[in-house]
Every structure is written in C-alpha cells, then in structure tokens.
Amino acid sequence: VSIQTNGIRYIDGLTKKLAVVYVSLHGTKKYHDELQGGREWDTIVNNIKRYVAEGFEVNLDFTLTAKNYANFEAIALLADRWGVRQYSINKFQPAGFGALRYKDLVPTSVHFRDVITQIIRLQKSTKLNIGFCTAIPFCLDERLLKYGLLAGCGAGTYLLAISPDGEVRICNQ
C-alpha cells in the first residue's frame, strides 16, 4: 500500500509498513508554484525531507509539461540529495484545470526526447531510480528500450487507486 499526496500537508501517524509515500513535485520553486497556481513549494520540500528523516521511502512524481521539461534534471539532483529513491515521470493529462491550459502545457515529442537525455545523464550521476510511470509510445525514441525506460499501463492488472472519498478506480489518472 502506498500513499500519493501533493505534499502540502504532512500526514501524521502513517504506519512504517507503508510501502512508499509518493509526493507530486513538478519542478523547482518557480516552475512548481506556477504550474500549481500556489506558493507551496517550500512546504512540500520540508515535508519530503521530514518523511525521509522519519524512515519512509519517498518517491517523487513529476508531471512533464511544455513548461517544466527543462527543469526535470534540477529537481532530480535535489531529490537525490534529499534521500529520495525514485523519480517518476507522468505525462500531462488534459483534465481539470490542465484542460483549460492544454495548448500551453502539452509536451511535444521534442520535450520527451530532451527529458530522456536528462534521465540518461542522471542515471550515471545519482542514486535515483528514474523512469516513466505512465505508458508512452515505444516508438518515441529508440533509447527507451536501450536504457530500460519503458513503462506499461498497470490499469486492471496490478494497479488501482482509491480516491479520498473512497471511489475505487483502475487508474489515478
């Protein structure tokens, strides 16, 4: 069992049997706060460090957009210093507030290729396990296969999500 959170509020009383705490962080302070429409970056980072200090495995979720793709590596280097183990990339889904800014936020294949280049560099310089956690087309870049960066969709096979109101869904997207 894992918990996925935006990290704004620290969750007290979590069991140490918890597999992992996933925290959404979409770039350094400027990029994250701009994408989220808030000023919560410092709070989220402090909570990430607190989870790590208390012995929880913390993994970061980064949603790739046209606005933050060049900032991916900067967060990875910080996360490595904070003791984060995994850095997962989600592709932008045009839903909710994101649907209103779809044309500004949807990443291009060039953005994906740039992030793949950043990942390959980071695999050599950090302890992070980095990869895509949402399925992307295998044909996007031949390096996906070469560097083991492929991700399939676990919906209906090994993944389900329970929303805060108790709704069971096959995917957190």
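Me: A nonpolar core is a set of buried Ala, Val, Leu, Ile, Met, Phe, Trp, Tyr and Cys residues joined through side-chain atoms within 4.5 Å. Buried means under 20% relative accessible area, exposed over 50%, and partly exposed in between (1.4 Å probe, protein chains only). We've got a predicted model here, where local features need pLDDT of at least 70 and side-chain atom pairs count only at pLDDT 80 or more, while totals for chains, interfaces and linings use all residues. Residues are numbered from 1 along each chain as its sequence is written, and side-chain values use heavy atoms, leaving out hydrogens and water. So, which residues have the most contacts inside the largest nonpolar core?

Reply: That core has 39 residues. Helices and strands (DSSP runs numbered from the N terminus: H or I, at least four residues; E, at least two) supply many of the players, and those giving two or more residues include helix 3 (72–82) and strand 4 (86–91). The residues with the most contacts inside the core are Ile48, Leu60, Phe72, Trp82, Tyr87, Ile89 and Phe132.

Me: Okay, let's zoom in on Leu60. Which residues is Leu60 in contact with, leaving aside its neighbours within four places in sequence?

Reply: Contact here means heavy atoms within 4.5 Å. Three of the core's best-connected members, Ile48, Trp82 and Tyr87, turn up among the partners of Leu60. The full list is Val23, Leu25, Ile48, Ile75, Ala79, Trp82, Val84, Gln86, Tyr87 and Ser88.

Me: Now helix 1. Which elements do the buried residues of helix 1 pack against?

Reply: Helix 1 covers residues 29–36, and its buried residues are His32, Asp33 and Leu35. Looking down the helix axis, these fall within an arc of 165° (taken from the axis-to-C-beta directions), so they line one face of the helix. What they pack against is strand 2 (20–24), helix 2 (41–53) and helix 5 (102–105).

Me: And what comes right after helix 1, with a phi that is positive?

Reply: Look at the residue that follows the helix. Its phi is near 70°, and the residue is Gly37.

Me: On to charges. How many salt bridges does the structure hold?

Reply: A salt bridge is a side-chain nitrogen of Lys or Arg within 4 Å of a carboxyl oxygen of Asp or Glu. One of them joins Glu73 and Arg121, at 2.6 Å from N to O. That pair links distant parts of the chain, 48 residues apart, with Glu73 in helix 3 and Arg121 in helix 6. The total number of salt bridges is six.

Me: Which residues are linked with Asp12 in a network of salt bridges?

Reply: Start with a pair whose closest N and O atoms are 3.5 Å apart, Arg50 and Glu54. Arg50 is partly exposed at 36% relative accessible area, and Glu54 is also partly exposed, at 36%. The residues linked with Asp12 are Arg50 and Glu54.

Me: Asp141 pairs with Arg143. Is Asp141 buried or exposed?

Reply: The two form a salt bridge, with the closest N and O atoms 2.9 Å apart. Arg143 counts as partly exposed at 21% relative accessibility. Asp141 has a relative accessible area of 9%, so Asp141 is buried.

Me: Last one: how far apart in space are Tyr22 and Arg113?

Reply: Tyr22 lies in strand 2 and is partly exposed at 22% relative accessibility. Tyr22 and Arg113 are 91 residues apart in sequence. In space, C-alpha to C-alpha, they are apart by 25 Å.
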